[in-house]
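Trainee: Could you take me through one part of this model closely? I would like to see how a single spot fits in with what lies around it.

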Amino acid sequence: MSVDVDKPAEPPAAPPPAQPEPIKAIPVRHYGRWVAALVVIALLVLLGRAFASGKVNWGAIPDYMFNADILKGLRNTLWITLLAMVIGIVLGVILAVMRQSKNPVTSTVAWFYIWFFRGTPVYVQLFLWFNLGLVFQYIDIMPIYKDEWSDFMTPFLCALLGLGLNEAAYMAEICRAGLNAVDEGQTEAAHALGMSHAKTLRRIIVPQAMRVIVPPTGNEVINMLKTSSLVIAVQYYDLLQAAQNVGRDSGVVVEMLILAAAWYLIATTVLSIGQFYLERYYARGSSRQLPPTPFQRAKAKLAGLNRAGGAA
C-alpha cells in the first residue's frame with residue numbers, strides 16, 4: 001500500500017534580468033585645441049604673407065645652393081665639427097675616468113677642468129685662443145717644435161681647440177653619468193674573476209654605459225654643428241662665413257643666410273637619422289622589442305591600408 005505524498009510546488013522561475021541601458025557616451029569637446037590650432041594657422045599665414053610680400057629673391061637660393069664657396073664652407077663646417085667631437089669624446093672619456101679616480105690629484109684636476117670650461121662661454125674661449133699671441137710671442141716645445149705663436153695658432157687650430165676643449169667638459173659629465181648608471185655589482189663580479197680595472201672598464205662597464213651615453217652624445221654632435229658657426233670670430237672659413245661673403249658680393253645677403261640655414265637643417269637631419277639608428281643598435285640588449293624604423297612604420301601603414309581596402 002503506497003501513500004501519496006504531495007510534492008512541494010516548484011517556485012516560479014525568476015524573470016530574466018533587465019538589460020542595462022546602453023551608455024550614451026558624449027565626447028568631450030576640446031574647444032581649446034581648435035582655438036589654438038586656428039591661432040597657430042593664422043600666425044603661419046601672416047608669417048608666410050610677410051615673407052611673400054617682402055623683397056626676397058627666392059630664386060637666388062637654388063641658384064647658389066651648390067656654389068663652390070658655399071660647398072667649401074659646408075665642408076669646413078662638417079670637418080671642424082667632426083674633429084672637435086673626436087677631441088671632445090676622447091678627452092671627455094679620460095676626464096670622466098679621472099673624475100672617478102680615487103687619486104685626489106687626478107680627480108681634482110678633472111673637476112677644475114670641467115668647472116672652468118663649462119663655466120665660461122665658448123665664444124670667449126675662441127677669442128682667448130686667438131689672442132694668446134699678445135701674451136706668448138713664441139711657442140717652444142723643446143726639442144719637438146719651435147715657431148712664432150701667430151704662425152702656429154692658425155684660425156683652424158683656434159677653432160679646433162676652442163670647440164674641442166669646451167666640448168670635452170660636457171662629454172666628461174655625460175660619460176660619467178653613463179659609467180655611474182652601470183650597477184656596481186658588475187665591477188665587483190669582474191674583479192672577483194680576476195679582471196683588471198682597465199679591462200673591466202673596456203669589456204664590462206663601457207659597453208653597458210653606451211646605452212646612456214649615446215643619446216646625449218648625438219645631441220652634442222648636432223649642437224656642435226650649430227655652435228661651429230661661432231668660429232667666424234677667429235676668421236675660420238665656415239658655412240656662415242661663406243654665406244656672408246657670397247651674399248655681400250652678389251647683393252643677396254638675406255637670401256644667403258636663408259641658404260646657410262637650409263644647409264644646417266639638412267646636415268642636422270642627416271645626423272638625427274644616424275643618431276636614431278645608433279640608439280637602436282645599443283638598445284638591442286635592453287629592449288624586448290626594438291623601435292620600428294621609419295621604413296618599417298611606412299610598410300606597416302601601407303599593409304594596414306591594403307587590408308582595409310580588401311575588407312571593403
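**A close look at Q235**

Mentor: Happy to! Q235 counts as exposed, because its relative accessibility of 57% is over the 50% cut-off. Keep in mind that this is a predicted model. Q235 sits in the loop between helix 9 and helix 10, the latter covering 239-250. Its backbone has a feature to look for: the phi angle of Q235 is positive, about 65°, although Q235 is not a glycine.

Now step back along the chain to helix 9, which spans residues 197-227. Its axis and that of helix 11 (residues 253-282) come within 10 Å and cross at roughly 175°. An angle over 145 degrees counts as roughly antiparallel, so helix 9 is roughly antiparallel to helix 11. On the helix 9 side, the residues in this contact include M210, V214, I222 and L225. Among their counterparts in helix 11 are Y264, A267, L271 and L278. Sorted by class, the contact of helix 9 with helix 11 has 11 nonpolar, five polar and two charged residues.

Finally, here is the wider setting. The protein holds 12 helices and two strands, and their order from the N terminus is α-α-α-α-α-β-β-α-α-α-α-α-α-α. Of its 312 residues, 30% count as buried. Among contacts with a separation of 6 or more, 72% join residues 24 or more positions apart. The accessible surface of the protein is about 21400 Å², and carbon and sulfur atoms account for 65% of that surface.

Methods. Residues are numbered from 1 along each chain as its sequence is written. This is a predicted model: local features need pLDDT of at least 70, side-chain atom pairs count only at pLDDT 80 or more; totals for chains, interfaces and linings use all residues. Side-chain values use heavy atoms; hydrogens and water are left out. Helices (H or I, at least four residues) and strands (E, at least two) are DSSP runs, numbered from the N terminus. Buried means under 20% relative accessible area, exposed over 50%, partly exposed in between (1.4 Å probe, protein chains only). Contact means heavy atoms within 4.5 Å. Accessible areas come from the Shrake-Rupley method with a 1.4 Å probe; for residues, only the protein chains shown count as cover. Axes are lines fitted to C-alpha atoms, for helices over the stretch in contact, and angles run from 0 to 180 degrees between N-to-C directions. Angles under 35 degrees count as roughly parallel, over 145 as roughly antiparallel, 65 to 115 as roughly perpendicular and the rest as oblique. Ala, Val, Leu, Ile, Met, Phe, Trp, Tyr, Cys and Pro count as nonpolar, Asp, Glu, Lys and Arg as charged, and the others, Gly among them, as polar.
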